[in-house]
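Biologist: I would like to take a close look at a single part of this model. Please go through it slowly, as you would for a first-year student.

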Amino acid sequence: MIVRSAELSEMDIVVDVLTEAFHEDPVSVWVFPDVERRPVALSIFHRAIVRGTLAADGNVDVTDDLSAAVLWTPSGEEDVDGDAFAGLTGEELGRLAALFELMTERAPAGEYRHAQFIGVRKSAQRQGIGGWLLRHGLDRNGAVPAYLEASSPMSAKLYRRLGFRDHGPAFAVAGGPPMQPMWREP
């Protein structure tokens, strides 16, 4: 399997992959609880995050068949223009703001690469593709540590197999599902 940087012309596909992959993710379900609206809201959200990743000189990696994508940003560079979320409801924006605030508070200090989203299309899940994508980014990042937040026990299990360790206790916004911060030394 080949992993490469996504072309600018492929960003709509990246958004589609992430939207599909995160449709039933516990954090996505909490932020966007209306199952009918969730695909639209996730698309708006992921488009904003992809643009923020590119603006922060991050990496958008994809598999050659475009079945999976991962977003990597430098530490401290996750800011996204609030206007990029136009189209989300006030309630959705409120939950996102609370989540982003808590994630910022819990983020480690120092230099690292943040794997923000790792998504695999449903038809390609459980085939090792997510791990393949992450290993590619970890190899590229070389001597720089990696950080991420696992949004489900299943994803935390994958990350532990790749050498990530818990980075403090899990955290959650009031009423939201837990997220496990994880760290990997090179």
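Is Asp 12 buried, partly exposed or exposed, judged by its relative accessibility? Please also describe the salt bridge to which Asp 12 belongs.

Modeller: Please keep in mind that this is a predicted model. Asp 12 has a relative accessibility of 48%, and because buried means under 20% and exposed means over 50%, Asp 12 counts as partly exposed. Its partner in the salt bridge is Arg 47, and the closest N and O atoms of the two are 2.7 Å apart. The pair links distant parts of the chain, since Asp 12 lies in helix H1 and Arg 47 in helix H3, 35 residues apart. Arg 47 also counts as partly exposed, with a relative accessibility of 24%.

This salt bridge is one of 6 in the structure, and helix H1 takes part in another, in which the side chains of Glu 20 and Arg 121 meet at 2.7 Å, N to O. Here Glu 20 belongs to helix H1, whereas Arg 121 sits in the loop between S4 and helix H5, 101 residues away. Arg 121 is partly exposed at 22%, and Glu 20 counts as partly exposed at 26%.

Helices H1 and H3 also appear among the elements that give two or more residues to the largest nonpolar core. That core has 34 residues, and Val 14, Phe 32 and Leu 71 are those with the most contacts inside it, while helix H3 provides its largest share, 7 residues.

How values were computed: Residues numbered from 1 in each chain as written. Predicted model: local features only at pLDDT ≥ 70, side-chain atom pairs only at ≥ 80, totals over all residues. Heavy atoms only, no water. Core = buried A, V, L, I, M, F, W, Y, C linked by side-chain atoms within 4.5 Å. Buried < 20%, exposed > 50% of the residue type's maximum accessible area, 1.4 Å probe, protein only. Helix = DSSP H or I, 4+ residues; strand = E, 2+ residues; numbered from the N terminus. Salt bridge = Lys/Arg side-chain N within 4 Å of Asp/Glu carboxyl O.
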